[in-house]
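Let's take a walk through this structure together. Have the sequence and the 3D view open, and follow along as we go from place to place.

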Amino acid sequence: MPGSKANQKSTGKPAQQLLFSEALHHKRPTSMATGPHASPPLIQPTAMSDKEQSTTIERILHEITAVSRRIEGVDASISSLTLETKSMRSDIAGFQSRVTGLEHCMESLETQIATSRDRDQDLLYLRSKLTDLEDRSRRDNICLLGIPEHEEGTDIQTFLSSILPKLTSLDFDPPLEFQRAHRVGLKRSDTSLRPRPIIACLLHHNQTRQILQTARNHGPFRIDQYHIRITADYSKDTNERRKAFLAIRPRLRQLEMKYGLFDPGRMWVTKNRISKDFYNPEELSLFLDSFQHQPMDSVNSSRPQDVIGEDEGDCTLHDIKRTDQTFPIP
């Protein structure tokens, strides 16, 4: 049809769209063929009312408003997270500065600890030297225990010069001479209490050695009803060390070891003709703990059993063989 072609060219729409629009505008025929081969009825679009359009627009606006509110909440959350992130960064920077300060403090403390350890070692060394000097200054002293109070009268040196030869059965040539002699502690009016010890410093060191040797071999002594002991005079640290050594004697007997406590505070232990010296009770205790799993022959020794050096002081072979004989301690 030339007219339809002209219309198609003028409108620029395809022919199918034109036919469809024309079919929509035609009225439905009153009589339509029925049967299985009849074509389906055409659906005519219904126009929306103004109320429905207004409701739809309001719903869309409501949804847009809800989405906008959600976006605003997300923006607020992001802003809050940003602030928290900045605060965390500042806190981390503060922590880093504190950690740096702590590291410097730790380095300073380590330096101080190292210095303190050196000082402790120096103090221990100085303490040992002072103890040694104090013991050396007391080498000429003897300590008498058990002499009743006021028995010495007014002249304690004359009293000792007369009583010591009787106690020890020694003939002193030259006669005993004292640099000083006195009781230790405050005077006691109650005679029922234990009498105070007497410290006497002899003028001749050989006489001091003789008295202490006799006291170890034959003491304690007895006068009337009194038991009198004579011991060496040591410093407080040496006395505590000697007492700690003597407390280990039961273990030494249990292990069948011979031992000797030498002046001023040295324990000598021997077994199977192998000997070892100890100056510290803790070291001796640790050695005895390990000795249960280690033979004595494997221990390095610097001295055979029956050799005594010049530094043994008042100890002799007779004292070493008498393993149950110990030096009394004030």
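Let's start with two phenylalanines: Phe278 and Phe287 are both buried. One thing to keep in mind as you look around is that this is a predicted model. The ring centres of Phe278 and Phe287 sit 5.2 Å apart with the planes at 45°, so this pair counts as tilted.

How many aromatic pairs does the structure hold? There are two. Besides the tilted pair of Phe278 and Phe287, you'll find Phe262 and Trp268, which meet edge-to-face. Their centres are 5.9 Å apart, and the angle between the planes is 65°. Phe262 and Trp268 are both buried as well.

Now zoom out a little to the strands around here. Strand 6, strand 7 and strand 8 make up an open sheet, in the order 6-7-8, with antiparallel pairing. In general, the strands of a sheet pair through backbone hydrogen bonds, and they can do so parallel or antiparallel. From one strand to the next, this sheet twists by 15° on average.

Which strands stand at the edges? Those are strand 6 and strand 8. Each has a single partner strand, so one side of each has no neighbour in the sheet.

Follow the chain through the sheet and you can see how the strands connect. Strand 6 covers residues 258–262, and five bridges join it to strand 7 in an antiparallel arrangement. The link from strand 6 to strand 7 is a hairpin of three residues. Strand 7 then pairs with strand 8, residues 274–278, again antiparallel and over five bridges. This second hairpin has two residues between its strands, and Asn272 in the turn has a positive phi of about 55°.

Val269 is a handy place to see both pairings. Tyr259 stands opposite Val269 in strand 7, and Val269 in turn stands opposite Lys276 in strand 8. Elsewhere, Met267 stands opposite Phe278 in strand 8, and that is the Phe278 of the tilted ring pair.

Is strand 7 mostly covered or uncovered? Mostly covered: of the six residues in strand 7 (266–271), five are buried. Two helices lie across parts of this sheet. Helix 6, residues 236–246, lies across strand 6, strand 7 and strand 8, and runs at about 170° to strand 6. Helix 8, residues 281–291, lies across strand 7 and strand 8, at about 145° to strand 8.

For the last stop, head back along the chain to Arg196. Where does Arg196 lie? Look in the loop between strand 2 (178–183) and strand 3 (198–202). Arg196 has a relative accessible area of 8%, so it counts as buried, the cut-off being under 20%.

What does the side chain of Arg196 reach? One target is the backbone oxygen of Gly185, at 2.8 Å. Another backbone oxygen, that of Leu186, lies 3.2 Å from a polar atom of the Arg196 side chain. Leaving aside residues up to four places away in sequence, the residues that Arg196 touches include Ile147, Glu149 and Arg183. Val184, Gly185, Leu186, Lys187 and Arg188 are also among them.

How values were computed
Residues numbered from 1 in each chain as written. Predicted model: local features only at pLDDT ≥ 70, side-chain atom pairs only at ≥ 80, totals over all residues. Heavy atoms only, no water. Helix = DSSP H or I, 4+ residues; strand = E, 2+ residues; numbered from the N terminus. Buried < 20%, exposed > 50% of the residue type's maximum accessible area, 1.4 Å probe, protein only. Polar contact = N/O pair within 3.5 Å; in protein donor to acceptor, adjacent residues only side chain to side chain. Contact = heavy atoms within 4.5 Å. Phe/Tyr/Trp six-rings, centres within 6.5 Å; stacked < 30°, edge-to-face > 60°. Pairing = 2+ DSSP bridges. Axes fitted to C-alpha atoms, helices over the stretch in contact; angles between N-to-C directions.
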